[in-house]
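Okay, thanks everyone, let me put this one up on the screen. I'll talk about a couple of cysteines, then about where the two chains meet.

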Amino acid sequence: MKNKTQPPENGIYVYCVIRTPGETKNFGNIGFGGKEVYTIDYKEFSSVASVAPLKKYDMENEKEIETHQNVVKMVMMEHSVIPVAYGMVFKSRKLVLASMKVAQKAMKKTLNVVEGKVELGIKILNQQGQASQLDTGSCVEEFEKELGKLSSDSKKLTLFSKRLLMNTAYLVEKDRVDAFSDAVEALETKYKPLNIQYSGPWPAYNFVDIKILSKQQEGGR
Amino acid sequence: MFLFDDILMSMMGVSVPGLNLFSTLELVKDLAYKELYDPEIIRNEIKENRMLYEFGDISEEAYNTRKTELMNQLEQVQKLLNANVSFL
């Protein structure tokens, strides 16, 4: 019988996929548990991976989510990335390669969507307990109209709180990020009483199938 | 044996005010349970708590206290769901 206190065995955790940089690349000891993050190459694609415990990665574990995000952020500084769902850990390198082989077509399609682009997020929060003079409906409309002009695509996300007026992800070309940021700043000034959160750049999590290496992979959106 | 309850009475076209009230209370209780034990609702509350902290609407202490409560609630619900316990 297995000892319950025994740590889980190690597998290969995949953070994202990039176009092969030409040779195996090392991103440093920034993975889970300070492990080395490196590339596993299959034809024109590379999985960015590290050795990590073979276990269920909880969506509520902020520290582990942060590790995943930090690795992807680091990789994004030099490469266009195909995001992979948080918690994608494989039993062996051989299984990573097998999944990449199966997902090759979908990865090609996805890279065409995300290459040279980043995701930016906008959340607008209504102020608590204050009767606002603002017409929040037309404010959201104006955000959508102005930011829509500067993005390649957008996606309305769940309004998970009653106070959320807007929660939208935008897919923006890298060379238009500054113009997008300026537009957000202008709108923020115009609608000052509202709380606005502008986040990113993120990999295009909301515009691709992030389960691309899992059994449910379906390819780019 | 027949179950002498409000549903059977309603089917027979008989309405007993007291029994209807019990039925309404049962429905309210079921909805409250559903809300309390729906992992999606708890996850949304976890996200909301995080967002309110990021926006500076709540202190770090309030954020951490609420987060611990919600995480415990989610863990309990997951255990119950894994044990295949139904609330409706």
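Before the cysteines, one cut-off: I call a residue buried when its relative accessible area is under 20%. And keep in mind that this is a predicted model.

So, is Cys139(A) buried or exposed? Cys139(A) has a relative accessibility of 0%, so it counts as buried. Cys16(A) is buried too, because its relative accessible area is 0%. As for disulfides, the count over all chains is zero.

Right, on to the interface. Chain A brings twelve residues to the contact, and chain B brings 15 residues. Together the two chains bury about 1,200 Å², and 59% of that comes from carbon and sulfur atoms. Which residues of chain A lose the most area to chain B? Those are Glu60(A), Glu62(A) and Phe160(A), and together they make up 52% of what the chain A side buries.

Glu62(A) comes up again in the charged pairs. Its side chain meets that of Lys67(B) in a salt bridge, at 3.6 Å from N to O. There are three salt bridges across the interface of chain A and chain B, and five residue pairs are in polar contact between these chains.

Where does the chain A side come from? Strand 7 (117–125) and strand 10 (195–202) of chain A are the elements giving two or more residues to it. Strand 10 of chain A has the largest share, with three residues. By type, the chain A side splits into five charged, four nonpolar and three polar residues.

That's my bit, happy to rotate the view if anyone wants.

Conventions. Residues numbered from 1 in each chain as written. Chains lettered and ligands numbered in written order. Predicted model: local features only at pLDDT ≥ 70, side-chain atom pairs only at ≥ 80, totals over all residues. Heavy atoms only, no water. Disulfide = S-S within 2.5 Å. Buried < 20%, exposed > 50% of the residue type's maximum accessible area, 1.4 Å probe, protein only. Contact = heavy atoms within 4.5 Å. Buried area = accessible area lost by both parts, 1.4 Å probe. Salt bridge = Lys/Arg side-chain N within 4 Å of Asp/Glu carboxyl O. Polar contact = N/O pair within 3.5 Å; in protein donor to acceptor, adjacent residues only side chain to side chain. Helix = DSSP H or I, 4+ residues; strand = E, 2+ residues; numbered from the N terminus. Nonpolar A, V, L, I, M, F, W, Y, C, P; charged D, E, K, R; others polar.
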